[in-house]
Amino acid sequence: MKNVPSKVSVIVPVYNVENYLSKCLDSLLAQTWQNIEIVVVDDGSTDHSTKIIQKYSENYPDKIKAFTKENGGLSDARNYGIERATGDFIGFVDSDDYVSETMFEEMLDLARKHHAEMVICNIQKVDEHGSVTQKLTQIPNMPEKIDLHNNFSVFSDLSYFSCNKLFRKELFAHKRFKKGIHFEDIQLIPQLLLECKTLAQTQNFHYQYFERTDSITKTHNERGLDILKAVEDVEEVFQSSLYSSEKKELLGFQILQGIYSYLAYLAFVKNENLFYRMSDELDKFMRKRGVKIKDILTYNRFGKNYILSLPLKKMIFYLLFFAGQKKLIRKLM
């Protein structure tokens, strides 16, 4: 296996990131795994990103495959890259983030060593100076090789980012990111996991997530409803998957990715009428699935009670919400 030069395609969607793009591309060009193609998809940028891409593609024609398309959003840009990727494995890196130089070599080694369809690494948030502000450990207390039939609890515990994972290309044979929605990772990545039998992981913090102060994720509005819609799409696929009998893990997924993720978003919705309308949608979501307050308050993630492990302010928000004290929440916000 070691002698087979597997190729990795790293897809980088780009839209108006002229201040961050060079650092991202430099980190990919510095990868210790040399059989790599960097598929850069310019999604209709209107700043200097296009010129930066052109410069890099001219200087590194053997590594960078550059494409330009009309603006269609993140999902559309990623799908565009998938369809043009020629690697055996696919990774995604957002154009304002960067990665360690050994990321794809280590993850590829793990994929080949364990015949894993998906490999996961840890994430750390960094500021504009490169200082680490938060470490996000993905699957603690789990082995390097994870057999899903014996450890399917990861389905309900995993954070479904796309950018800290390496995927066998075959997983995308009939799957794409859903266009026109937000929270596309929650919608697709669990579906890909349901196609897997073996995961692998490294505890190294290879992915450097730059939390921009001007990020669009700072605007919280009705797009948060896409979280619940994403969970609905996963539920449908779950019912016909290899793991359809694992109802406990499905409940855990609904609680973490649906209810908790939605509440984390809802906490920053400033418009009062929208807050109440979105709250009502969550109530409907819970009633339809028969999710009880007890299920939510006792949900454990990696052996720890999720509510009790939250920062105090967020814990109070969640507890007040489940107690039906939405007007009191608004006064505190």
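## Aspartate 76 and its surroundings

Contact here means heavy atoms within 4.5 Å. By that criterion, and leaving aside residues up to four places away in sequence, aspartate 76 of this predicted model touches Lys69 and Lys179. Aspartate 76 is placed in helix H3, which spans residues 74-84, and it counts as buried because its relative accessibility is 18%, where the cut-off for buried is under 20%.

The contact with lysine 179 joins residues that are 103 positions apart along the chain, with their C-alpha atoms separated by 5.9 Å. The two side chains also meet in a salt bridge, at 3.2 Å from N to O. Because aspartate 76 belongs to helix H3 while lysine 179 sits in the loop between strand S10 (165-168) and helix H6 (184-193), this pair ties together parts that are remote from each other by 103 residues in sequence. Lysine 179, in contrast to the buried aspartate, is exposed, with a relative accessible area of 54%.

## Other salt bridges

Across the whole structure, a search finds 16 salt bridges. One of them links lysine 7 to glutamate 37, with the closest N and O atoms 3.5 Å apart. Lysine 7 lies in the segment before strand S1 (8-14) and glutamate 37 in strand S2 (residues 36-43), so this bridge ties together parts that are 30 residues apart in sequence. Glutamate 37 counts as buried at 3% relative accessibility, whereas lysine 7, at 24%, counts as partly exposed.

A further salt bridge pairs arginine 84 with glutamate 83, the closest N and O atoms being 3.8 Å apart. Here arginine 84 is partly exposed, with a relative accessible area of 30%, and glutamate 83 counts as exposed at 51%. Elsewhere, salt bridges that share partners join Asp43, Lys69, Asp76 and Lys179 into one network, so that both residues touched by aspartate 76 in the contact list above are members of that network.

## The nonpolar core

In soluble globular proteins, nonpolar side chains tend to be buried together. In this model the largest nonpolar core has 111 residues, and those with the most contacts inside it are Phe104, Ile259 and Tyr260. Helix H8 (residues 247-266) supplies the largest share of this core, namely 10 residues.

Phenylalanine 104 has contacts with residues from several parts of the sequence, again not counting those up to four places away: among them are Val8, Val10, Leu28, Trp33, Ile36, Val93 and Leu166. Its contact list also includes Gln31 and Gly91.

Notes:
Residues are numbered from 1 along each chain as its sequence is written. This is a predicted model: local features need pLDDT of at least 70, side-chain atom pairs count only at pLDDT 80 or more; totals for chains, interfaces and linings use all residues. Side-chain values use heavy atoms; hydrogens and water are left out. Helices (H or I, at least four residues) and strands (E, at least two) are DSSP runs, numbered from the N terminus. Buried means under 20% relative accessible area, exposed over 50%, partly exposed in between (1.4 Å probe, protein chains only). A nonpolar core is a set of buried Ala, Val, Leu, Ile, Met, Phe, Trp, Tyr and Cys residues joined through side-chain atoms within 4.5 Å. A salt bridge is a side-chain nitrogen of Lys or Arg within 4 Å of a carboxyl oxygen of Asp or Glu.
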